[in-house]
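Hello,

Here is the structure I promised to pass on. Please open it first, then read my notes below with the view beside you.

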Amino acid sequence: MHSVCSQATTVPRSNFAFDSRSPASPLSKPINLRFCGLRKEAFGFSGLTHSCSSRVRCSSRGHSKEISASAGNNGTPPKSFDYDLIIIGAGVGGHGAALHAVEKGLRTAIIEGDVVGGTCVNRGCVPSKALLAVSGKMRELQNEHHMKALGLQVSAAGYDRQGVADHANNLASKIRSNLTNSMKSLGVDILTGVGTVVGPQKVKYGKVGFPDNIVTAKDIIIATGSVPFVPKGIEVDGKTVITSDHALKLESVPDWIAIVGSGYIGLEFSDVYTALGSEVTFIEALDQLMPGFDPEIGKLAQRVLINPRKIDYHTGVFATKITPAKDGKPVTIELIDAKTKEPKDTLEVDAALIATGRAPFTNGLGLENINVVTQRGFVPVDERMRVIDANGNLVPHLYCIGDANGKMMLAHAASAQGISVVEQVTGRDHVLNHLSIPAACFTHPEISMVGLTEPQAREKAEKEGFEVSVAKTSFKANTKALAENEGEGLAKLIYRPDNGEILGVHIFGLHAADLIHEASNAIALGTRIQDIKFAVHAHPTLSEVLDELFKSAKVKAPATSHGPGPSRNMLEELSYRLTMVVPEAFHNLVSSFSKAMQI
Ligand SMILES: Cc1cc2nc3c(=O)[nH]c(=O)nc-3n(C[C@H](O)[C@H](O)[C@H](O)COP(=O)(O)OP(=O)(O)OC[C@H]3O[C@@H](n4cnc5c(N)ncnc54)[C@H](O)[C@@H]3O)c2cc1C
């Protein structure tokens, strides 16, 4: 059993050795890359290299003339444009939007003030998954019981910290280079400098010490992302009190590290640190760990990911003051009770990782020039990512995607929002269903989810007057999981028994992050359980966990005769709803419409 710390404790100081290495040189050629749901053709690997359409400009040269011609008074929109689309910020959101834009034939430029790839590639998803890949292997190799069960013998598992850090750093460099090459090869102009909106359809960019350039575009997307949020009173020195930006460099593996915040970033780092030998103390302001997860999945995750590991925790407390280690003194953390605000405890640890969320990065964007006021730093947008000004009006031709709008701070959500905006500016109305976007935590085992948690679904059902049911399947009954000796896991389906709508799916278990897509695609396409339960899954695969899950649901509505498919389902739904109101007339109307459309 783990123990919950309640006493201030002094621990021996660990030896912090910080060595820095230069990043590996980026690859010169794009490789076969799939990134954030984009097809590989979008990267120019099927004869598309340099296949710019006549509307696409293939180099950044030569727009200065157009710029001076079009850049007029800041307040009035220009009459002609340098680009169809300018994106400010070359993170995954900006990258996804840019590639889709060139595919749609838009003259596209992307302005980046730092390095291409943004948080995800340089300081987020990519290096963290490299570290987690190592922690997964270490965990497995160190688990004698698990190895014995498979008939394997491993004498000792060890690691080279710098080697692990290099793996993460090299992967980030490689993906950054792939992203840059993919944009260049498709004809996206990459403009270097910090972008500022100076007026309608007009952006200035430049580097400190150089004159500014002004560029105009018919449409502008803000994709400036986020930075680690550090609460007041916490002093980050980058060595003993760190954020994820520092932690991903793995410049040390402290003996004891406090992780402030038990969301998915904190949880992933606890997986890395404990696999590499650290002891972890979680500090969480809410009464339970992992507050964002479905409570049942959270409980199970705690039983597997926290309790048996060298992790203890304080819940219901705020860290009001954190002081870095100095002059032989350890890091000190002052805790107060989150409710009463009374002092609760003082901890002394080797290091503290601040994982208290992310703050939008919108400083210096010039939003005041177009009467936009941020909300806690986030750019206000509607469901189509159109920016809303201080008077509640839409700002024409201005969009904001990704972490900067705060709708869903995930890489693939940023990219999907960017693609959605490009669809709109090229003439197809599109509203992204955020409830169909999956999320995952890449611990060992993984956690994934899409849609609503059970309490959220029950609250919605109460308000809207429908019933909610829950189905569950265990990984213990799955052949592939058992073959891997990884039977610990649960999949949970939250649904409407009347019409088979999937409200949420939550998975804890081996490869949960890959398994969730069947559910998220079903939600996105409007596929109902009574149809998807007939989809065939290869045996033996982990995907049979979801097969079992859908088959175990008790849905009253019949399967559609034509099987899964969005248009059919929409008609079924319409028919179902109408027959509830006016039985025959409407049903006949819908049937004749179906026949006429030959659906
Ligand atoms: C440790 C960690 C792990 C994560 N793991 C995952 C994961 O596994 N899966 C997942 O989906 N998400 C993950 N995320 C979240 C993910 O990284 C972000 O949601 C994603 O990067 C947001 O993309 P974005 O394009 O909105 O912004 P960013 O990636 O932050 O990119 C914004 C870009 O804009 C640039 N910029 C900012 N202002 C300007 C300006 N004025 N002018 C020019 N350029 C500017 C920045 O330099 C940056 O390059 C993780 C995050 C962290 C911190």
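Five bridges join strand β10, residues 279–284, to β11. The two strands run parallel. Within this pairing, I283 stands opposite H314 of β11. Keep in mind that this is a predicted model.

Now widen the view to the whole sheet. Five strands make it up, in the order β8-β15-β9-β10-β11. The sheet is open, and the pairing is parallel. Its edge strands are β8 (241–243) and β11 (311–315), and each of these pairs on one side only. On average, neighbouring strands are turned by 20° against each other, with direction ignored.

Next, find helix α8, residues 264–275. Helix α8 lies across β8, β9 (256–260), β10, β11 and β15 (351–354). Against β10, the helix runs at about 165°.

One residue to look up in helix α8 is T274. Is T274 buried or exposed? T274 has a relative accessible area of 12%, under the 20% cut-off, so T274 counts as buried. The T274 side chain reaches two backbone oxygens: that of S270 at 2.6 Å, and that of D271 at 3.5 Å. Leaving out residues up to four places away in sequence, T274 touches R139, V280, R309, K310 and I311.

Then move along the chain to strand β23, where I507 lies. The relative accessible area of I507 is 0%, so this residue is buried too. Which residues is I507 in contact with, beyond its neighbours within four places in sequence? The list is I297, E446, I447, S448, F475, L490, A491, A512, L515, I516 and L546. Look at A491 in particular: I507 and A491 are 16 residues apart in sequence, but their C-alpha atoms are 4.3 Å apart in space.

L546 leads on to helix α15, residues 544–552, as L546 is one of the buried residues there. The others are E544, V545, D547, L549 and F550. What covers them? The cover includes three strands, β21 (469–474), β22 (490–495) and β23 (502–509). It also includes the helices α13 (512–525) and α14 (529–532).

Last, the rings. A pair of aromatic rings is described by the distance of the centres and the angle of the planes. The count here comes to one aromatic pair. There is also a charge over a ring: the charged end of R496 sits over F466, 4.2 Å from the centre of the ring.

Best wishes

Terms used
Residues numbered from 1 in each chain as written. Predicted model: local features only at pLDDT ≥ 70, side-chain atom pairs only at ≥ 80, totals over all residues. Heavy atoms only, no water. Pairing = 2+ DSSP bridges. Helix = DSSP H or I, 4+ residues; strand = E, 2+ residues; numbered from the N terminus. Axes fitted to C-alpha atoms, helices over the stretch in contact; angles between N-to-C directions. Contact = heavy atoms within 4.5 Å. Phe/Tyr/Trp six-rings, centres within 6.5 Å; stacked < 30°, edge-to-face > 60°. Lys NZ or Arg CZ within 6 Å of the ring centre and 35° of its normal. Buried < 20%, exposed > 50% of the residue type's maximum accessible area, 1.4 Å probe, protein only. Polar contact = N/O pair within 3.5 Å; in protein donor to acceptor, adjacent residues only side chain to side chain.
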